[in-house]
Amino acid sequence: MDNLARLLKESWTLVEDDRVRLSGHFYARLFLLDPALRQLFPVQMTGQGDRLLEAIITAIHTVDDPESFDEFLRALGRDHRKYHVDEQHYATMGVALLDALRSTAGDCWNLEYDQAWREAYAAIAALMVAGAKADDDPPFWHAEVLTHERHGPDTAVLTCRALQHPLRWRAGQYVSLEVPRHHPRVWRNYSVANAPNDDNVLEFHVRSPGAGWVSGALVRRVRPGDLLRLAAPMGSMTLDRASERDILCVAGGVGLAPIKALVEELASYNRTRWVHVFYGARQAADLYGLAALQELVAVHPWLSVTPACSEDPDFDGEQGDIPEVVARYGPWTTHDCYVSGAARMVRSTLRVLAADEVPPPQIRYDTFGDL
């Protein structure tokens, strides 16, 4: 397994700087091999290749960790049912992937790399198929939008109820979401912003400063009564109920969503662990979830919330980027740490925690964008 992991990572360096070409070759070959597969994908393919590559990168970097490798790929197989991917499609995708890797790497590719990817892909496909077959849940849930609140020009908080079947998730997880009325077959991941409940109601926090397809529709076009589609929950930024350590939560922007869910779950049973939430944004107006957090603080004496603004000198609270503020209050060596937000913010916070010598198993994070 060590040699396989070495070959995969070594060969990946030959193509990782040419991802656009790799993605383009993969899809061109895939649709040539099986033209019927084209209808499973959105009309505009922008971004689709990025998700493919993210899955490949995650898989090859966990191949030497059998437990993580197994868990990730079984979950990925369950998730891909929403695309109507069948077992026979995996063989076709394997041929297209190997062709794309060979073409992109060029003369540097060799038989050892080729065999390593064949072996790895066979394991990847087998685990994904097994994950899909083992799940009794539907490929996706229809969900009705119940409420929709705008916070400024580019942020919205909405709730929806999953219909027909119970949707079971854990606080800190995320789901893929489709807005079929506006952008069919285009899926994006969003963290669930509330703890599980018997009403099958999920809350989402969405920010779309640009013209993002799904996020833009969720912020500006979706209204109560509209129907969405939700895929199976994924993610491991969940609470360790067996731990007795105090908890640090760091949220930036709409990264508040999973942190809010974690706090809500803790509110249902916690009596002994101190929970410190640091919540940052550029301007005070961007701290859209602060009032709800402060309501929780008023009820639960074990909870504290420290808001901060990085570009609002009039804000009556902590000043600076949220990782800097977290560093002022450290060290956090004895805490379970949860971090959620934009990639730059998560990177900076992880550096702060590393400087505090927080053991990596005590850190879980969710990032919006590449690290």
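**Close-up views of a predicted model**

**View A. E178 of one strand meets a partner in strand β6.** In β6, R229 is the bridge partner of E178. Before we look further, please keep in mind that this is a predicted model. The two strands on show are β3 and β6 (residues 227-231), which run antiparallel and are joined by two bridges. Can you find both residues of the pair in the structure above?

**View B. Strand β3 also pairs with strand β4.** Here β3 lies alongside β4 (residues 187-191), and five bridges link the two in the antiparallel sense. To find your place, look for V175, whose bridge partner in β4 is Y190. Is β3 (residues 174-178) mostly covered or mostly uncovered? β3 is mostly covered, with four of its five residues buried. A handy rule for looking at any strand: in a regular one, the side chains alternate between the two faces of the sheet.

**View C. Strands β1 and β2 form a hairpin.** Four residues sit between β1 and β2 in this hairpin. Look in the turn for G152, which has a positive phi of about 75°. The strands on either side, β1 and β2, run antiparallel and are joined by seven bridges. One pair to look for is T147 with its bridge partner T159 in β2.

**View D. Strand β2 pairs with β5 as well.** Which way do β2 and β5 run relative to each other, parallel or antiparallel? They run antiparallel, and seven bridges join them. A good landmark is T155, whose bridge partner in β5 is R207. β2 is mostly covered, since seven of its eight residues are buried.

**View E. Helix α7 packs against strands.** Like to know how many residues of α7 (residues 213-220) are buried? Six of the eight are, which leaves this helix mostly covered. The buried ones are V214, S215, G216, A217, L218 and V219. What do these buried residues pack against? Their neighbours are β1 (140-150), β2 (155-162), β3, β4, β5 (201-207) and β6, so this view brings back the strands you met in the earlier views.

**View F. Helices α10 and α11 pack together.** The axes of α10 (residues 322-329) and α11 (residues 343-355) are 8 Å apart, and the helices pack at an angle of about 20°. The two are therefore roughly parallel to each other. α10 passes α11 in a right-handed crossing. On the α10 side, the contact is made by I322, P323, V326 and A327, while α11 brings M345, S348, T349 and V352. Six of the contact residues are nonpolar, two are polar and none is charged.

**View G. Helices α2 and α5 cross each other.** At roughly 140°, α2 (residues 19-33) crosses α5 (residues 87-105), and their axes come within 8 Å. These helices are therefore oblique to each other. The crossing is right-handed. From α2, the residues R21, L22, H25, F26, R29, L30 and L33 take part, and they meet T92, M93, V95, A96, L97, D99, A100, L101, S103 and T104 of α5. This contact has 10 nonpolar, four polar and three charged residues.

**View H. Helices α1 and α6 meet.** How are α1 and α6 oriented to each other? They pack at an angle of about 115°, and are therefore roughly perpendicular to each other. The axes of α1 (residues 2-12) and α6 (residues 111-134) are 9 Å apart. This crossing is left-handed. L4, L7, L8, E10, S11 and W12 of α1 are in contact with E112, Y113, A116, W117, E119 and A120 of α6. Sorted by type, the contact holds eight nonpolar residues, one polar residue and three charged residues.

**View I. H80 sits in a loop between two helices.** The helices on either side of this loop are α4 (66-79) and α5. Which residues does H80 touch, apart from its neighbours within four places in sequence? They are V85, Y90 and M128. For a sense of distance, pick out V277 too: this residue is 197 residues from H80 along the chain, and the C-alpha atoms of the two are separated by 34 Å.

Terms used. Residues numbered from 1 in each chain as written. Predicted model: local features only at pLDDT ≥ 70, side-chain atom pairs only at ≥ 80, totals over all residues. Heavy atoms only, no water. Axes fitted to C-alpha atoms, helices over the stretch in contact; angles between N-to-C directions. Parallel < 35°, antiparallel > 145°, perpendicular 65-115°, else oblique. Left-handed = near helix turned anticlockwise from the far one by under 90°. Contact = heavy atoms within 4.5 Å. Nonpolar A, V, L, I, M, F, W, Y, C, P; charged D, E, K, R; others polar. Buried < 20%, exposed > 50% of the residue type's maximum accessible area, 1.4 Å probe, protein only. Pairing = 2+ DSSP bridges.
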